[in-house]
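Me: I am new to this structure and would like a close look at a single part, the place where the ligand sits. Please take me through the surroundings of the ligand slowly.

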Amino acid sequence: MEGRHLVLRPLTPEDVVPGYLAWMNDPGVTRFLESRFRSWSREDLEAYVRAERACPDSVLLAITLREDGRHIGNIKLGPIDHNARRGAIGLLIGEGDCRGRGYGTQAIRLIVRHAFEDLGLHRVHAGCYATNVASLAAFKKAGFREEGRQRQHWRDGETYVDGVLLGLLREEWCPEET
Ligand SMILES: CC(C)(COP(=O)(O)OP(=O)(O)OC[C@H]1O[C@@H](n2cnc3c(N)ncnc32)[C@H](O)[C@@H]1OP(=O)(O)O)[C@@H](O)C(=O)NCCC(=O)NCCS
């Protein structure tokens with residue numbers, strides 16, 4: 001999948017290099033991710049990538065820069081419910097100098113296109129902490145609507161934080177914005 005600045009391609013075990021490993025063990029990157037509750041070794045991450053690649057209900061992609069192929073983050077469509085034709089989306093931009101530059105929004109738009117055009121899904125959805133302003137803004141810019149709030153659903157340090165549920169239907173999607 002190619003966008004203006006990004007290429008999304010399948011993530012492979014060979015992508016598990018020190019940089020990717022560092023993202024997963026950096027509390028600044030994982031503050032709003034459930035993966036933060038454990039530490040990650042290279043073997044753990046390779047096993048995770050292998051398991052995702054073998055799973056028919058999941059599409060795990062590397063977010064790379066179009067200009068030089070640099071691997072800056074990952075995005076996942078999954079789990080996919082093939083009966084209901086819907087899939088969840090989650091992502092991270094691991095490279096600090098690549099956050100806040102529109103790449104998260106573009107990666108979401110690209111995987112949404114894949115979900116609707118290639119996989120024939122009817123709906124995509126996501127969830128985030130209400131305090132994760134960048135994530136909330138990125139999904140909304142990509143066309144997602146807020147569908148609900150889960151009161152004090154998450155814990156961030158000693159604070160309970162609302163969860164925000166977001167969704168986008170095929171019929172609402174504007175492909176020209178990809
Ligand atoms: C959340 C994340 C994927 C967003 O990607 P990104 O590339 O940084 O976001 P974008 O550059 O596309 O920005 C999207 C919007 O968020 C805003 N934004 C980005 N970073 C922000 C920040 N730190 N504070 C406030 N707003 C921010 C941008 O301004 C933009 O809105 P605008 O165009 O109206 O100004 C990325 O920051 C990230 O990976 N964070 C760590 C992991 C994570 O939290 N993942 C999401 C779990 S649900």
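Reply: What follows goes from the ligand outward to the pocket around it.

The model is a predicted one, in which local features need pLDDT of at least 70 and side-chain atom pairs count only at pLDDT 80 or more, while totals for chains, interfaces and linings use all residues. Residues are numbered from 1 along each chain as its sequence is written, and side-chain values use heavy atoms, with hydrogens and water left out.

Around the ligand there are 22 residues, and those that come nearest are Ile93, Gly102, Gly104, Thr105 and Lys141; a residue is near a molecule if one of its heavy atoms lies within 4 Å of it. Two of these names return among the polar contacts (pairs of N or O atoms within 3.5 Å): an N or O atom in the side chain of Thr105 is 2.6 Å from an oxygen atom of the ligand, and a polar side-chain atom of Lys141 also lies 2.6 Å from a ligand oxygen. For Asn132, the distance from a polar side-chain atom to an oxygen atom of the ligand is 2.9 Å. Taken alone the ligand exposes 920 Å², and the protein buries 70% of that, with accessible areas taken from the Shrake-Rupley method with a 1.4 Å probe.

Helices (DSSP runs of H or I, at least four residues) and strands (runs of E, at least two) are numbered from the N terminus. The strands β4 (86-93) and β5 (123-129) and the helices α4 (103-118) and α5 (133-141) each supply at least two residues of the shell around the ligand, and α5 gives the most, with six residues. By class, the shell divides into twelve nonpolar, seven polar and three charged residues, where Ala, Val, Leu, Ile, Met, Phe, Trp, Tyr, Cys and Pro count as nonpolar, Asp, Glu, Lys and Arg as charged, and the others, Gly among them, as polar.

The ligand sits in the largest pocket, which is to say that more than half of its atoms lie within 2 Å of the grid points of that pocket. A pocket here is an open set of points on a 1 Å grid over the protein atoms alone, where a 1.4 Å probe fits, with protein on both sides within 12 Å along at least five of seven lines, and lining residues have an atom within 4 Å of a point. About 1,300 Å³ of space lies in this pocket, and of the 45 residues that line it, Leu33, Gly90, Leu91, Leu92 and Ser135 are the closest to its centre. Strand β4 gives the most to the lining, with six residues, and the lining as a whole has 25 nonpolar, 14 polar and six charged residues.

Notes: Polar contact = N/O pair within 3.5 Å; in protein donor to acceptor, adjacent residues only side chain to side chain. Points joined across faces, edges and corners; volume = space filled by probe spheres on them.
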